[in-house]
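Colleague: Before I rely on the labels in your description, I would like to hear the reasoning behind them. Could you take me through it label by label?

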Amino acid sequence: MTRKIFKSILAVAGSILFASIVIIMGCLYEYFEGVREDGLRDELGLAAAAVEEGGMSYLERVPSEHYRITWIDTDGTVLYDTVTGTKNQENHLKREEVQEAFETGKGQSNRYSSTLMEKTIYCAQRMEDGTVLRISISSATVGRLVLGMLQPVLIVVVISMILSGVLAGRLSGRIVKPLNALDLEHPLENEAYEEISPLLNRINRQQHKIQEQFSELRRQAAEFDQITDCMKEGLVLLDKQGMVLSINPAAEEIFALTQDSTGRDFVMVCRDPEIGLCMKEAMETGHSEARKTESGREYQFDISRIESPGEVIGAVLLIFDVTERVLAERSRREFTANVSHELKTPLQGIIGSAELIENGMVKEEDMPRFVGHIRKEASRLVTLVGDIIRLSQLDEKAELEKEEIDLYRVAEEVLEELRPAAKEKNIELRISGDTAVIFGVKKLLYETVYNLCDNAIKYNVKGGSAELNITGGERTAAITVSDTGIGILPEHRDRVFERFYRVDKSHSKESGGTGLGLSIVKHAVLYHHGVIDLQSEPGKGTKIRVEFPL
């Protein structure tokens with residue numbers, strides 16, 4: 001701004017100086033030219049009077065240093081000229097000033113020489129005898145005067161411009177200094193030019209409005225950050241070039257990022273060609289989806305294009321962890337298939353035995369065996385349906401009635417019920433520990449202990465042993481079931497708690513059961529917020545420990 005004011009002042013000063021020089025020189029030139037013309041006319045009058053009295057003898061005595069006097073006859077012939085004398089000259093009758101003098105008594109004209117840059121003034125007067133006396137004088141034109149005065153004019157211009165520059169610099173500094181000292185944070189507290197008060201008031205209003213909008217933007221940004229930070233889903237905002245504008249912690253964890261990725265190309269962040277192609281597709285079509293497995297988890301990528309009126313401005317990427325859903329869907333399919341198979345097996349046995357009896361193909365003495373088989377398969381079917389219903393209730397997390405339960409007393413009841421089965425396989429059952437009271441569902445806890453002990457008997461060797469230990473601490477209570485059975489191979493340990501999963505299907509058919517026992521144990525323990533630890537060694541036995549929080 002200082003430079004603009006300086007240039008403006010300097011331009012004004014230069015313009016005024018130039019105009020002043022032109023006007024002054026023009027006025028002075030016109031003034032002196034007028035004085036010269038008046039003097040020339042006076043000289044002509046004196047010369048005319050002298051010529052009428054003295055004739056040509058007067059003209060011969062007149063010096064011709066500055067003026068030139070010409071005496072012209074009535075026919076335009078030059079009688080005498082103070083410069084050339086009486087030598088023959090061209091006829092002057094058609095000269096403008098001469099014609100005018102013959103007609104009106106007096107005449108005047110100016111003639112210019114562009115080569116000599118001179119102006120000649122001619123004044124003519126008709127005398128009493130009808131002849132015309134003309135006087136002339138040469139003077140410099142304006143251009144010649146300007147050239148002649150160029151050096152002093154330039155000196156004046158340079159000095160004037162230097163002084164103008166100095167004054168303009170000081171003046172612009174003094175003008176701008178109060179403006180530079182304005183406190184725009186507090187516009188109304190400034191003591192500046194009165195002319196800028198409306199501007200300061202407008203700045204103050206706009207500043208308040210900007211502060212309100214900025215506060216609102218900060219509040220919205222904080223809310224957005226808080227929401228995205230708490231999201232379990234990954235969220236990535238991209239611009240139209242695919243650069244990361246924002247990425248929440250969930251997305252950073254999914255991509256295993258250790259540094260801020262804002263401003264980086266998303267392809268370099270994700271490093272997955274399939275996701276890059278999906279992003280390109282979303283930019284072209286508006287939406288795309290993809291599935292990706294990362295660190296044992298399965299994620300679904302939903303990419304949507306963001307548009308402003310008539311223009312694509314970016315894209316938003318949402319990442320959903322669908323592992324549980326995929327596993328649940330897989331478990332549902334497997335569960336449906338297994339249930340169909342498990343229900344079909346006893347039903348086929350029942351239907352087969354019933355058809356034999358109905359067709360009279362069973363002897364009288366074999367009838368009890370077939371009826372017993374039907375009852376056994378029906379009981380197995382009832383047990384299976386009961387286990388399925390119980391698992392469904394646990395899946396739905398239905399609220400069950402809770403009470404204080406002594407795990408040691410539950411363990412004694414279970415062992416009392418299982419002793420016949422243990423005696424049949426010559427399995428020694430032992431119980432140890434002490435009272436441990438927790439707040440829970442007795443039926444679920446009973447089934448947990450029962451299934452663990454039942455498996456310790458079923459999958460034990462003849463003449464083996466099984467021990468049930470109950471311990472209680474300040475914060476947890478534990479049930480530990482150890483056996484000397486066949487053990488579990490490492491590849492099966494993570495799956496034995498799945499529904500209908502059997503390590504040895506041929507052996508399980510002999511031992512009976514529905515294949516849902518350990519799955520019920522798992523869900524019952526989770527219902528009580530407990531944890532299960534399984535340790536097993538093939539050929540040496542299995543040890544399962546369940547801990548419940550008090």
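What follows is a conversation about how several labels were reached.

Modeller: Please keep in mind throughout that this is a predicted model.

Colleague: Let us begin with helix H13 (442–458). How do you know that its span agrees with its number of residues?

Modeller: The 17 residues of H13, taken at 1.5 Å a residue, should span 24 Å, and because the end C-alpha atoms are 24 Å apart, the two values agree.

Colleague: What makes H13 largely enclosed by the rest of the structure?

Modeller: A residue counts as buried under 20% relative accessible area, and 12 of the 17 residues of H13 are buried, so the helix is described as largely enclosed. Among the buried residues are Leu444, Leu445, Val449, Leu452 and Ile457, but the list also includes Glu447, Asp454 and Lys458.

Colleague: Why is Cys453 called buried?

Modeller: The cut-off is under 20%, and Cys453 has a relative accessibility of 4%, so it counts as buried. Cys278, at 8%, counts as buried for the corresponding reason.

Colleague: How many disulfides does the rule give?

Modeller: The rule asks for a pair of cysteine sulfur atoms within 2.5 Å, and by it the count comes to zero.

Colleague: Why is the pair of Tyr446 and Tyr450 called stacked?

Modeller: The structure holds one aromatic pair. In it, the rings of Tyr446 and Tyr450 have their centres 6.2 Å apart, set against a limit of 6.5 Å, and their planes stand at 20°, where under 30 degrees counts as stacked, so the pair receives that label. The two residues are four apart in helix H13, which means that about one helical turn separates them.

Colleague: Are these two tyrosines, Tyr446 and Tyr450, buried or exposed, or in between?

Modeller: Partly exposed lies between the 20% and 50% cut-offs; Tyr446 has a relative accessible area of 21% and Tyr450 one of 25%, so each is partly exposed.

Colleague: Finally, which residues line the largest cavity, and what is their character?

Modeller: The structure holds one cavity of 30 Å³ or more, with about 40 Å³ of space in it. Its lining consists of Leu415, Leu429, Arg430, Cys453, Ala456, Ala466, Glu467, Leu468 and Val481, which divide into seven nonpolar, no polar and two charged residues. Strand E12 (428–433), helix H13 and strand E14 (465–472) each supply at least two of them, and the largest share, three residues, comes from E14.

Note on methods. Residues are numbered from 1 along each chain as its sequence is written. This is a predicted model: local features need pLDDT of at least 70, side-chain atom pairs count only at pLDDT 80 or more; totals for chains, interfaces and linings use all residues. Side-chain values use heavy atoms; hydrogens and water are left out. On a 1 Å grid over the protein atoms alone, a cavity is a set of points where a 1.4 Å probe fits but cannot get out, and a pocket is an open set with protein on both sides within 12 Å along at least five of seven lines; lining residues have an atom within 4 Å of a point. Grid points are joined across faces, edges and corners, and a volume is the space filled by probe spheres set on the points. Ala, Val, Leu, Ile, Met, Phe, Trp, Tyr, Cys and Pro count as nonpolar, Asp, Glu, Lys and Arg as charged, and the others, Gly among them, as polar. Buried means under 20% relative accessible area, exposed over 50%, partly exposed in between (1.4 Å probe, protein chains only). The expected span of a helix is 1.5 Å times one less than its number of residues. Rings of Phe, Tyr and Trp (its six-membered ring) pair if their centres lie within 6.5 Å; planes under 30 degrees apart count as stacked, over 60 as edge-to-face and the rest as tilted.
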